[in-house]
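Trainee: I'm new to this one. Can you walk me through it?
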Amino acid sequence: MDAVDSTETTPPRGPATPPKAKAAPGPANAAAPANWAAPADSADANAPAGPVAVAASGGPAVEGALAGSADAETSGSPAVAGGPVGSASLADAVAPANPETAARPEHVDAPPIPADADAPAGTRIPAGAPALGLVTIGQAPRADLRPDAEPLLPGVRLVEHGALDADRFDGDAEAATRRLLAPEDGEAPLISRLRDGRSVLLGHGALIPRIEDAVGRAERDGAAATLLLCTGRFPAVRSRRPLLFAEPLVQQAVAATVGTDPVGIVCPHPDQAEDVSRRWAQLLPGRVQAATADPYGPAERVRDDIAAAARTLADRGSSWLVLDCIGYTEQMRAAALRAAGRPVLLARAIAVRMAAEVVAASG
């Protein structure tokens, strides 16, 4: 559940995938998976969360067939690379390169990424190393992402670009920019992070051409594959090299892990909760419910809000929790784990691990 973009219209939704037959809902207070115990608190779990934060509130259980989509980095758009996402196969997470039809979107002159986006001097990677493009729907660099992503990508050069890199969020321009990128009435919003740590609510319309431009910049910088850092749904995005969509990577990995157990989904924004619940309920046979906690809220509240959302879902019977937004960090996972005593799956970690495999496969 990343940053700012929207259009005058929302892309048409793709055909809905029939939901799988549901297993009987779990007991009111479902226990954690057998033989599972929360690990002891770690010292770094209590470190400051940096520029990110969260606001939480329990969301009611919502079940039913998927009709839309939404997540902090989520959206109400239909298909990935021309096919519906949700209960689709994991292969649908990757849009194959198509040099003949992949017209390059008009280039946007985005400001250069600040020097502090580079890895520390002791961990610099040679220029010739394989590269993974990281495209946020907000602004790059994602200083909140690198500390979690780099340990999962040894020897891989990260090429960061943002859909909103060329958009202005300062002075008199900010209000007009936010209006341009805002979701349409009734559209489940996307949410992402700006370069200065603030968040922005986005719709799909203005975002798609900006995403395509950012993907093109990543490819020109040598990315062997590119990961779209958003757990929302998008229509086909043109690319010349493999383009990975975080949502199906995360959803299929979770489905393969949890079986028929009841699952609690944490998403960033209250307006996303119902839509997120429907999307996950279409995919998972067990009971699905959602609660909200904003990973981009005030830093002093983030852990308390994440913990409250996790505890609410555990009390309502969830055996597994999913932090369903690229904005949720490993430290936030630790807070949810301590509060709920349930295993917690982290969207950013799943997506980055899968992207690392694609880069390795590309040589």
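Mentor: Here is a short tour by cysteines, helices and single residues. This is a predicted model, where local features need pLDDT of at least 70, side-chain atom pairs count only at pLDDT 80 or more, and totals for chains, interfaces and linings use all residues. Residues are numbered from 1 along each chain as its sequence is written, and side-chain values use heavy atoms, with hydrogens and water left out.

Trainee: How many disulfides are there?
Mentor: The count is zero. A disulfide here is a pair of cysteine sulfur atoms within 2.5 Å. Cys-230 is in no disulfide, and the nearest cysteine sulfur, in Cys-325, lies 7.6 Å away.

Trainee: Why is there no bond for Cys-325?
Mentor: Because its closest cysteine sulfur, that of Cys-230, is 7.6 Å off, which is too far for a bond.

Trainee: Is Cys-325 buried or exposed?
Mentor: Buried, with a relative accessible area of 0%. Buried means under 20% relative accessible area, exposed means over 50%, and partly exposed is in between (1.4 Å probe, protein chains only). Cys-230 also counts as buried, at 1%.

Trainee: New topic, helices. At what angle do H4 and H8 pack?
Mentor: About 105 degrees, with their axes 9 Å apart. H4 covers residues 246-258 and H8 covers residues 347-361. Their axes are lines fitted to C-alpha atoms, for helices over the stretch in contact, and angles run from 0 to 180 degrees between N-to-C directions. Helices (H or I, at least four residues) and strands (E, at least two) are DSSP runs, numbered from the N terminus.

Trainee: So what do we call that arrangement of H4 and H8?
Mentor: Roughly perpendicular. That label covers 65 to 115 degrees; under 35 is roughly parallel, over 145 roughly antiparallel, and the rest oblique.

Trainee: Which residues make the contact?
Mentor: From H4, Ala-246, Leu-249, Val-250, Ala-253 and Val-254. From H8, Ala-347, Ile-350, Ala-351 and Met-354. Contact means heavy atoms within 4.5 Å.

Trainee: How do the residues of that contact divide into nonpolar, polar and charged?
Mentor: Nine nonpolar, no polar and no charged. Ala, Val, Leu, Ile, Met, Phe, Trp, Tyr, Cys and Pro count as nonpolar, Asp, Glu, Lys and Arg as charged, and the others, Gly among them, as polar.

Trainee: Staying with H8, what does Ala-356 touch?
Mentor: Leu-152 and Leu-153, not counting residues up to four places away in sequence. Ala-356 sits in helix H8. It is buried, at 17% relative accessibility. Its C-alpha is 9.6 Å from that of Ala-131, although the two are 225 residues apart along the chain.

Trainee: Where is Arg-146 found?
Mentor: In helix H1, residues 146-149. Arg-146 counts as buried, at 15%. Its side chain makes a polar contact with the side chain of Glu-160, at 2.6 Å. A polar contact is a pair of N or O atoms within 3.5 Å; within protein, one must be able to donate a hydrogen and the other to accept it, and residues adjacent in sequence count only if both atoms are side-chain atoms.

Trainee: What joins Ala-140 and Pro-141?
Mentor: A cis peptide bond, with omega about 0 degrees. Pro-141 lies in the loop between strand S5 (131-136) and H1.

Trainee: Last one. Where is Gly-216?
Mentor: In helix H3, residues 207-220. Gly-216 is buried, at 2%. Gly-216 and Arg-240 are 24 residues apart in sequence and 8.0 Å apart in space, C-alpha to C-alpha.
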